[in-house]
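Me: I have a structure open and would like to learn how to read its packed helices and its empty spaces. Could you take me through them?

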Amino acid sequence: MAKLKQENENKGRVTSFPECGPKDKNGREILLSLKNVDITFGKGDSAVKAVQDASFDIYKGETFSLVGESGSGKTTVGRAVIRVNPLAGGEIQYKGVRISGKIPHSLDRQVIRNIQMVFQDPAASLNERATVDYIISEGLYNFHLFENESDRVRKVESIISEVGLLPEHLTRYPHEFSGGQRQRIGLARAMVMEPELVVADEPISALDVSIRAQVLNLMKKFQQEKQVTYLFIAHDLSIVRFISDRIGVIYKGRIVEVAEAEELFQFPLHPYTHSLISAIPIPDPKLEKNKVLYTYDPSIHDYSSDKPEFVNIGHDHYVYGNKAEIEKYKELRETNVPIKAITIDEIKSHESVIHDEIPADTKAENEIIAHPSGDTGGIWLAVLSFLLPILGLPAAFIFKSRNYIRNFKMCRKGAIAGFITLGVIIGLFLILLLFAVI
């Protein structure tokens, strides 16, 4: 029997996952592993390679964040992990067992059971025709994860309370909830299955800032209590830094850098990572105004003869580059001097301070801002100046000399309109008089 089981494993016919995944050299359990993954959409000349040669490991109990700009392939990787997107090359392993491609039905069900996903759009990911009770219970029904009806109700009510909602919300429909509440329902739907791995596809990008913090706190709470592992997909590095154990940076479908969170922010070696960090907003508006953005230019790489590789340069820090670039990255890292990714232009900053102290139009602005209390700029001034433009124009300049700027503008506007109207009337009268004489 042992020999037969070994033969089945060699043929890729494993029907269940082991208790623990393989360990790395540091003794960490590798829960998920992507090895040279390629994902292609379309065929022939119209084929688009969305992900190419992507490789990284996710360790049990950690939060691994995948970051990059829109369209870089983050979600494509996440959907491949849950077996929605098929691979064109490479493989994905869960606990050392291949889960990509064709696998036994029993193993496919275990993938669904153990790997859940929280989607970016909380409205589109929930069935609008189903109650919250059914949405959360659907996985329990499909996998028979309850002993009886009272056990199912207990599990559903328990998880809905853990995400900060009330049991009476179970009878409502998704459209009756706010965006933050819908995302909590999506999180409850995933966590009620007690998964080992959750793929969180930008779960907070559609939420308000205050609600984002609440959802992130919920996710951290579940991680601490249930030892959940997260593949967190995002583009906001300011949030990623504080929730991640390790971060992978993806550019146009290729993983260009992987390192621990603080390691990556202290030593952003790849130019693309440097550009992403330089784009993080600074809360101080003056500093943000004078921040120097680093723009990534792919043409700086010459891979015509010296082909690039994804290499560990030490400190568990992986970078994509050719031999010359890797040597440069190693030298930068070994100096152990943090790389300053966000820089402030001191000259501009100094000029900004001077301009803030003495603006160019200080006198004019002060006159407008510090106007007297009677400077209301009422419409009646414009009307009187229109009817009596000969008096309105002098009145305008009298107002201006006394800092009544709003009154000055209204009188001037009415007087000019009055003079134009008076000129038109006189012109028409002269024309009619001319015709009468002829």
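Reply: Happy to. Let's begin with the labels: helices (H or I, at least four residues) and strands (E, at least two) are DSSP runs, numbered from the N terminus. This is a predicted model, in which local features need pLDDT of at least 70, side-chain atom pairs count only at pLDDT 80 or more, and totals for chains, interfaces and linings use all residues. Residues are numbered from 1 along each chain as its sequence is written, and side-chain values use heavy atoms, with hydrogens and water left out.

Me: How do I read empty space, and what volume does the second largest pocket have?

Reply: Rolling a probe the size of a water molecule over the atoms shows where empty space is left. The search uses a 1 Å grid over the protein atoms alone: a cavity is a set of points where a 1.4 Å probe fits but cannot get out, while a pocket is an open set with protein on both sides within 12 Å along at least five of seven lines, and lining residues have an atom within 4 Å of a point. Points are joined across faces, edges and corners, and a volume is the space filled by probe spheres set on them. Here the second largest pocket has about 300 Å³. Its lining has 16 residues, and those closest to the centre are Asp57, Tyr59, Arg246, Asp316 and Tyr318. Strand E2 (48-59) is one of the strands that each supply at least two lining residues, and E2 gives the largest share, four residues.

Me: How do the 16 residues divide by class?

Reply: Ala, Val, Leu, Ile, Met, Phe, Trp, Tyr, Cys and Pro count as nonpolar, Asp, Glu, Lys and Arg as charged, and the others, Gly among them, as polar. The lining of the second largest pocket has seven nonpolar, three polar and six charged residues.

Me: And which residues lie closest to the centre of the largest pocket?

Reply: The largest pocket holds about 420 Å³. Of its 20 lining residues, Ile112, Gln116, Met117, Phe119 and Arg189 are closest to the centre. Helix H4 contributes the largest share of that lining, six residues, and the classes are twelve nonpolar, four polar and four charged.

Me: How many cavities of 30 Å³ or more does the search find?

Reply: One. The largest cavity contains about 50 Å³ of space, lined by Thr63, Leu216, Met219, Lys220, Gln223, Tyr230, Phe232 and Ile243. Helix H7 supplies the largest share, four residues.

Me: Now the helices: at what angle do H4 and H6 cross?

Reply: Two packed helices are described by the angle between their axes and the distance between the axes. Axes are lines fitted to C-alpha atoms, for helices over the stretch in contact, and angles run from 0 to 180 degrees between N-to-C directions. H4 (residues 132-143) and H6 (residues 179-191) have axes that come within 7 Å and cross at roughly 30°. H4 and H6 are therefore roughly parallel (under 35 degrees; over 145 is roughly antiparallel, 65 to 115 roughly perpendicular and the rest oblique). Their contact (heavy atoms within 4.5 Å) is made by Val132, Ile135 and Ile136 of H4 and Ile185, Ala188 and Arg189 of H6. By class, that contact has five nonpolar, no polar and one charged residues.

Me: What about H15 and H17: how do their axes cross?

Reply: The axes of H15 (residues 379-387) and H17 (residues 405-437) come within 7 Å and cross at roughly 30°, which makes H15 roughly parallel to H17. Among the contact residues are Ala382 and Phe386 of H15 and Gly414 and Gly418 of H17. This contact of H15 with H17 divides into eight nonpolar, five polar and no charged residues.
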